[in-house]
Amino acid sequence: MDQYMHDKARIVQELVPGKQITIAHVIASPDEILYEKLGLDPTVDYNKAAIGVLTISPAETAVIAADLAMKAAGVTLGFVDRFSGTLMITGTISETEAALRAVLEYVDEKMGFTICQLTKT
């Protein structure tokens with residue numbers, strides 16, 4: 001066996017965040033169990049409800065996105081994590097979609113972010 005097989009390989013992982021939104025998705029009329037598993041408010045009208053999900057880099061921008069979303073439409077903040085860049089909001093389907101569109105538009109035009117397409121299931 002050669003020398004390399006006896007030595008441990010060292011892997012260096014590095015996070016170099018860009019200014020981007022990599023996921024922007026609306027889950028329309030999710031099942032009640034999804035709310036429960038995510039720790040979201042289970043007292044909603046599931047036929048009109050939606051969950052909005054964003055993944056943002058740099059992660060701290062999730063705080064700004066949460067503020068923008070809540071000011072843009074009558075959504076409720078479900079979860080925000082300034083360390084992972086995850087944001088979840090809840091509201092009606094139209095409110096949730098409007099809130100995510102407002103975030104995408106703002107970070108694109110005012111902050112120079114690269115944004116992804118808003119998707120919906």
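**Figure 1. Surroundings of A28 in strand β1 of the predicted model**. A28 has a relative accessible area of 21% and is therefore classed as partly exposed, since burial requires a value under 20%. The residue belongs to strand β1, which covers residues 20–28. Apart from neighbours within four places in sequence, its contacts are A49, A50, I93, K120 and T121. Two of these partners, A49 and A50, fall within the range of β2, residues 49–57, and I93 falls within the range of helix α4, residues 93–109. The C-alpha atom of A28 is also 9.8 Å from that of G91, although 63 residues separate the two along the chain.

**Figure 2. Backbone conformation at S29**. S29 occupies the loop that connects β1 (20–28) to α2 (32–38). Its phi is positive, at about 50 degrees, even though the residue is not a glycine. Most residues other than glycine have a negative phi. With a relative accessibility of 35%, S29 counts as partly exposed.

**Figure 3. The cis peptide bond between S57 and P58**. The bond joining S57 to P58 is cis, with omega at about 0 degrees. Most peptide bonds are trans. P58 is located in the loop between β2 (49–57) and α3, and helix α3 itself comprises residues 61–72.

**Figure 4. Packing of helix α3 against helix α4**. The axes of α3 (residues 61–72) and α4 (residues 93–109) approach within 8 Å and cross at roughly 130 degrees. The two helices are therefore oblique to each other, and their crossing is right-handed. On the α3 side the contact is formed by A65, L68, A69 and A72, and on the α4 side by A99, A102, V103 and Y106. By residue class, the contact of α3 with α4 consists of eight nonpolar residues, with no polar and no charged ones.

**Figure 5. The protein chain as context for the close-up views**. Four helices and five strands make up the secondary structure of the chain, and their order along the sequence is α-β-α-β-α-β-β-α-β. Of the 121 residues, 33% are buried. Among contacts with a separation of 6 or more, 62% link residues 24 or more positions apart. The chain has an accessible surface of about 7800 Å², and carbon and sulfur atoms account for 53% of that surface.

Notes: Residues are numbered from 1 along each chain as its sequence is written. This is a predicted model: local features need pLDDT of at least 70, side-chain atom pairs count only at pLDDT 80 or more; totals for chains, interfaces and linings use all residues. Side-chain values use heavy atoms; hydrogens and water are left out. Axes are lines fitted to C-alpha atoms, for helices over the stretch in contact, and angles run from 0 to 180 degrees between N-to-C directions. Angles under 35 degrees count as roughly parallel, over 145 as roughly antiparallel, 65 to 115 as roughly perpendicular and the rest as oblique. A crossing is left-handed if the near helix is turned anticlockwise from the far one by less than a right angle, and right-handed if clockwise. Contact means heavy atoms within 4.5 Å. Ala, Val, Leu, Ile, Met, Phe, Trp, Tyr, Cys and Pro count as nonpolar, Asp, Glu, Lys and Arg as charged, and the others, Gly among them, as polar. Buried means under 20% relative accessible area, exposed over 50%, partly exposed in between (1.4 Å probe, protein chains only). Accessible areas come from the Shrake-Rupley method with a 1.4 Å probe; for residues, only the protein chains shown count as cover.
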